Amino acid sequence: MYTARANTMDSPKADEATDSGPKDSNSNPDGEEEKEELFPGFRDADAFVKYGLGAVLSATKASASLPQAGDDYDFYCSFPGFREFCESQGDKLLRCMSQIMQHHGCRSDLKDRNKLTDLEERLDLVVDSNDVILERVGILLDEADGVNRTQQPVLPAGFQAPKIVVSSWNRKGSRAGSRSETFRLLHAKNVTRPQLKFKEKVDNSNTPFIPKIFIKPNAIKPLPSYFTDKQIRKERPEDLDVPAALADFIHQQRTQEHVEDMFAHPYQYELDHFTVAEHLLSKPEPQMYKPIAETKCSFVETLEDLVALNEKLCKESEFAVDLEHHSYRSFLGLTSLMQISTREEDFIIDTLELRSELYIFNEAFTDPAIVKIFHGADSDIEWLQKDLGLYVVNLFDTHQASRALNLGRHSLDHLLKHYCGVESDKRYQLADWRIRPLPDEMVQYARTDTHYLPYIYDCVRAQLLDSNYGKPGLLQSVWNKSRDISLKKYVKPIFTEDSYFELQRRQKRSLNTQQLTAFRLLFAWRDKLARQEDESTGFTMPTHMMIKISEELPREPQGIIACCNPVPPLVRQCVNELHLLVQQAREMPLLKAEVMAPKTKGLAPLKKTEVTLFGPHDTSRVSEVSESDLHPGSTDEMPVKQGMLFSEDEDRMDIGEQNISSLVAKAKITQFEETKEEQESVSVAQMKARRIVESFENPFRMYLPSRGFHISKAAKFDPSSKIFEISKRWKLQSMEQQQKELETKQEAKRKAREEAKEHAKKVKEKRKATKESYQESLQNVATVRQQAAVSHLSLSVSPISSVPLLCTLSTSLSMSLLSRNTSVKNKCYIHPGARHGILEMVLQQAV
Ligand code: AMP
Ligand code: MN
Ligand code: ZN
């Protein structure tokens, strides 16, 4: 990690040196000079980073020890002193973060009053900014290395596979005359695709995930017939020879009666009725782990061994489980390895080889008498369902325990160090786990992920009881949170016409109509191809390349290739098709940055706009006027009050009053009302009708003013054809139309603004009154507790330095969110490397 960072820091100059020719062997002395310039007051990058990490760590610790939302926090908040202090400190932090985000050109404003989604949206903003910053770090690293990082799985240094090296990197390495230690990169194409050997085809179709279960051990409520009847399950929509939407519809018809079962959690009932055994709530005597060297470790890759292991597991009272997952060369990802540790033995199970057989583990996994210990099980629970059809009843998540204990850091590394004194090395976490035979180093890494967990499970339980004066409340809450995690359901990524928008929004680029069309078409192309080829979207075409092509709209196929470095194999193969898409985008009437937004799924008989030119099959224009101007799509025009990230202030209307009221407040209200109204008025039959309608495509759709999808046909480019003429005429019409629409929009905006002003005034008055009466009621509340609370807080907040803000905020936000909503957790899952990346950017900033 550190080495990689040091490389980046001085790489731009090193590159220049290489480019200009003569000197490139003197990189060392050169490097040191540069480092001095780069890190004033620090010996080198390492010292700088160490210092920064320390600061971040103490800030994270402080933020973790703040009272948590949901329990303590609400109590403390009843003291005005506490609240005021929190607010002022919070403001300070937010201002600082906002500045950092602005510096990186990220959206840093969100004046959203909707209390329900408030925190989540803020978190999204922070996550988005982290993404943007990290992507930049990633690109810089790639450039510095001359290697596309994401394409290269990490392999252990000792693993000698054919070395395919990208040019500039190669040159540097060979001139220096030594194969460096960090040289662990390898093209993934050297690993055979495990999918080829799967007995059941991977289902990448654009349909929701249906549980893979067909037999349900330990059932209290039997498995619905849908799962036990093979005949129904066999019919897959993609096997029907009809358009996709129609296939979906037919499939839905056939499975109508099973719909509820199909999407329910198969063990919902058992989990709902699960109670933790009495003896698990009393204090255990931690049972020391066996030293790794004295522990037998077996590799399980045959059915016979698997069955034997299953027998063994059924006799245990607890065992630890972990998974490794590969996501680059597969659309949905592949669970590549399962590690299991009992108190006596370690097992490494080849889940690629035994993918179709692993369901037998449900016997032990859903046995409520056996505790399954995981660390951070959120993803594991989903992967188990997705690939292996496995469910867990009686889960204990040591990550949740660590949170409840306020250990400050909740990673497995930290627990290993804290309880076992073991220094672990997370270097292989992102290795390519498809590799077979598995190199020894990777096996060693994998088994440490579970080997110590049973012991840690003992320790945290004891500590949870101790820290709660022997009462089981805190421990019980960890069991409850763990159960919530095992209730998670895997959700397959579904492509909709609007999916592109979310991604585009995060890019913080304003695109004109042509560019946006290109982005939309590329997005659809990428999704389709990735599903078809069973590759990740990142492998098919990384987002930054999609953006580059959309911005440049190359006139020649060669131009598309030029936008991609290195060129992804599928892009090279499909360059002509891609070129047609770009051409099609160029056909769009050119308008400046269109404020685009996904429509809330408008359903059948709709309040149509005045245009009646198009047939009933066309839904592309539906509810466009009312929506497109209400979404805060392009943030460029939005005035940003310096340093305000998430304004909670009551004088919201004072800042950039007009724009904000129309863009933010209004959009929420309208959207909400619209969805509600539509949901209520649409019957099942209407839904079906709509799906059928959507499976037809209006051939003239591409000439409509905006939105809608169409693949270009050759005739369109032929000036002699009728369609060309029509096209020209319609383009003119559509421009006129848009002008009209614009005027209507502006009028609507003006009205909305006035209404919003009026409303804000009322709300303000109301709040003031409430506040006053609340203050009054507080007069008599105990003052001693109040003071204690305040002093407690000032202790925990003050060490937060102004440097590691992004990290701190995402941690504290995520923590408070977590206590309310575990589903958000995924969003705040920050790559360890990523954390360093953020830190690096933030620190650079501070200097
Ligand atoms: P772990 O539970 O730490 O062994 O991680 C299990 C799997 O999660 C790994 O095999 C990776 O596929 C994935 N993973 C873990 N950490 C990260 C990360 N920081 N970024 C992306 N994927 C991760
Ligand atoms: Mn894990
Ligand atoms: Zn692991």
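Which helices do the buried residues of helix 17 pack against? In this predicted model, the buried residues of helix 17 pack against helix 16 (398–404), helix 18 and helix 19 (453–466). Helix 17 itself covers residues 412–420, and its buried members are Leu412, His414, Leu415, Leu416, Tyr419 and Cys420. Just after helix 17 comes Gly421, which has a positive phi near 60 degrees.

The pairing with helix 19 can be looked at more carefully. Two packed helices are described by the angle between their axes and the distance between the axes. Here the axes of helix 17 and helix 19 come within 10 Å and cross at roughly 75 degrees. Crossing angles from 65 to 115 degrees count as roughly perpendicular, and helix 17 and helix 19 are therefore roughly perpendicular to each other. On the helix 17 side, the contact is made by Leu412, Leu415, Leu416, Tyr419 and Cys420. Helix 19 contributes Leu453, Tyr455, Ile456, Cys459, Val460 and Gln463. Sorted by class, this contact of helix 17 with helix 19 has ten nonpolar residues, one polar residue and no charged residues.

A step back gives the setting for these helices. The protein chain holds 34 helices and six strands. Of its 847 residues, 49% are buried. Among contacts in the chain with a separation of 6 or more, 75% are between residues 24 or more positions apart.

The metal site offers a good example of residues that meet from separate parts of the sequence. The zinc ion (ligand 3) is coordinated by Asp322 (OD), Glu324 (OE) and Asp449 (OD), at 1.9 to 2.0 Å. Along the chain, the donors of this zinc ion follow the spacing D-x1-E-x124-D. Why is the arrangement around the zinc ion (ligand 3) tetrahedral? The four donor atoms subtend angles of 97 to 132 degrees, and four donors count as tetrahedral if all angles lie between 85 and 135 degrees. For comparison, the ideal angle for four tetrahedral donors is 109.5 degrees.

Asp322 also bridges the zinc ion (ligand 3) and the manganese ion (ligand 2), and these two ions lie 4.1 Å apart. Asp322 lies in strand 2 (residues 318–326) and Asp449 in helix 18 (residues 440–451), so the pair ties together parts that are 127 residues apart in sequence. Are these two residues buried or exposed? Asp322 is buried, with a relative accessible area of 12%, and Asp449 counts as buried at 6%.

Residues around this site can be followed further. Thr450 lies in helix 18 and is buried, with a relative accessible area of 1%. Leaving aside residues up to four places away in sequence, Thr450 touches Ala320, Val321, Asp322, Gln339, Ile340 and Ser341. One of these partners, Gln339, is found in strand 3 (residues 334–341) and counts as buried at 0% relative accessibility. With the same sequence neighbours left out, the residues that Gln339 touches include Asp322, Glu324, Asp449 and Thr450. Gln339 and Thr448 are 109 residues apart in sequence, and their C-alpha atoms are 9.1 Å apart in space.

Elsewhere in the chain, Leu580 offers a further case. Leu580 is found in helix 27 (residues 575–586) and is partly exposed, with a relative accessible area of 41%. Its C-alpha atom is separated by 9.8 Å from that of Arg555, and the two residues are 25 residues apart along the chain.

How values were computed
Residues numbered from 1 in each chain as written. Chains lettered and ligands numbered in written order. Predicted model: local features only at pLDDT ≥ 70, side-chain atom pairs only at ≥ 80, totals over all residues. Heavy atoms only, no water. Donors = N, O, S within 2.8 Å, 3.2 Å for Na, K, Ca; no water. Tetrahedral: all angles 85-135°; square planar, octahedral: opposite > 155°, others 65-115°. Helix = DSSP H or I, 4+ residues; strand = E, 2+ residues; numbered from the N terminus. Buried < 20%, exposed > 50% of the residue type's maximum accessible area, 1.4 Å probe, protein only. Contact = heavy atoms within 4.5 Å. Axes fitted to C-alpha atoms, helices over the stretch in contact; angles between N-to-C directions. Parallel < 35°, antiparallel > 145°, perpendicular 65-115°, else oblique. Nonpolar A, V, L, I, M, F, W, Y, C, P; charged D, E, K, R; others polar.
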